[in-house]
Amino acid sequence: MNERDAKFAEIARVLREHNKFAVLSHVRPDGDALGSTLALTLSLKELGKEVKAWNEDGMLEKYNFLAKAELLTTPPSSPEDFDVGIALDTAVQNRLGTTLAAVRSAKLWINIDHHPSNPRYGDLVYIDPTAPATGQILYEFLKNQKFPITPAIAENLYAAISTDTGSFQYPNTTMRTFQIAAELVECGVDVGRVSQLLYESFPRRRIELLRELLGTMHFACDGKLAWFSLSQTAAVALGVLPEDNEGLIDHLRAIRGVVVAIFFEELTDGKVRVSMRSKDEAVDVCAICKEFGGGGHILAAGARVAGALSEVEKKIVEKACAAIERNT
Ligand code: AMP
Ligand code: MN
Ligand code: MN
């Protein structure tokens, strides 16, 4: 048995031998975090387990169409005891946010993720940085260990993989990803329906936000660096939800000649959320974000940096320019 299958078997044994589970994922969740959480929750429920699926932000409006979306909620204010806590798609433990405190005790913690920066917290850890999505790891796990994969589970896994690969376009998309997608379609996923709900059902507010962001667009480093910013004032005026901006940075990345794209978002706690994308493996945006206490992947990373919006912009733009000049 190879190393992966041995680890899968170990995780499967723990899941089969216990009864009460908390399945958690990172704050400001994306499609991979929510889809993966629902998929594993549903599979465990099929086995008759008691499962809570929690995320600090609960189910986002835009992912409400996912099969059994109602199972995923914000954590309760009074903590509960569990046999096993499971962190999915969460690069650092504190990105579990308030769900962590809602688990008063767990005999064991499982950590399944695809972030190379994951420090391997927890008792049973499976990190595959080559996987484009935690949803892909979960599919391999469920299939390999003969756990249930119902049509509802397949839909959640498909949404997780589709969103984390930018609809099967990012370089992390492999032959295996397409094979898995095909198998998920075989399990009952309606690709046209799910894609329309994922990519063609945005609220008008999101496009108005894009208009605002494009008004703040800047370039540096011979057009290799592009960024835009969202101030609190603009966010309030437009009535945007945090979930509205997922994917907007792709408009910058999509520009010919741009190597690094940055999105700055002023938060209410005196910090700025920095989101970075790179189109060149030689320019590692995770390394830049790590310098500011963040993390992620070489080509997609983030951090929350204390300071005024303009200050943080200046600091990060300088670092990004230096990295581009050093490596391209
Ligand atoms: P985002 O730009 O928010 O879509 O995040 C891009 C990638 O960086 C994701 O894989 C995140 O998990 C990771 N990431 C974002 N923010 C942070 C952070 N503050 N700390 C660690 N990793 C982060
Ligand atoms: Mn994620
Ligand atoms: Mn992910």
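D89 bridges two manganese ions, ligand 2 and ligand 3, which lie 3.5 Å apart in this predicted model, and I will take the two sites in turn. Before that, a word on conventions: residues are numbered from 1 along each chain as its sequence is written, while chains are lettered from A and ligands numbered from 1 in the order in which they are written. Because the model is predicted, local features need pLDDT of at least 70 and side-chain atom pairs count only at pLDDT 80 or more, whereas totals for chains, interfaces and linings use all residues, and side-chain values use heavy atoms, with hydrogens and water left out.

The manganese ion (ligand 2) is coordinated by H26 through NE2, by D30 through OD, listed twice, and by D89 through OD, at 2.1 to 2.7 Å; donors here are N, O and S atoms within 2.8 Å of the metal (3.2 Å for Na, K and Ca), and since water is not among the atoms, sites may look incomplete. Along the chain, these donors follow the spacing H-x3-D-x58-D. H26, at 5% relative accessibility, counts as buried, and so does D30 at 16%, where buried means under 20% relative accessible area, exposed over 50%, and partly exposed in between, with a 1.4 Å probe and protein chains only.

Turning to the manganese ion (ligand 3), its donors are D32 (OD), D89 (OD), H114 (NE2) and D164 (OD), at 2.1 to 2.2 Å, and in sequence the donor residues are spaced D-x56-D-x24-H-x49-D. D32 lies in helix α2 (residues 31-46) and D164 in helix α5 (residues 151-164), so the pair ties together parts that are 132 residues apart in sequence; helices are DSSP runs of H or I, at least four residues, and strands are E runs of at least two, numbered from the N terminus. Both D32 and D164 are buried.
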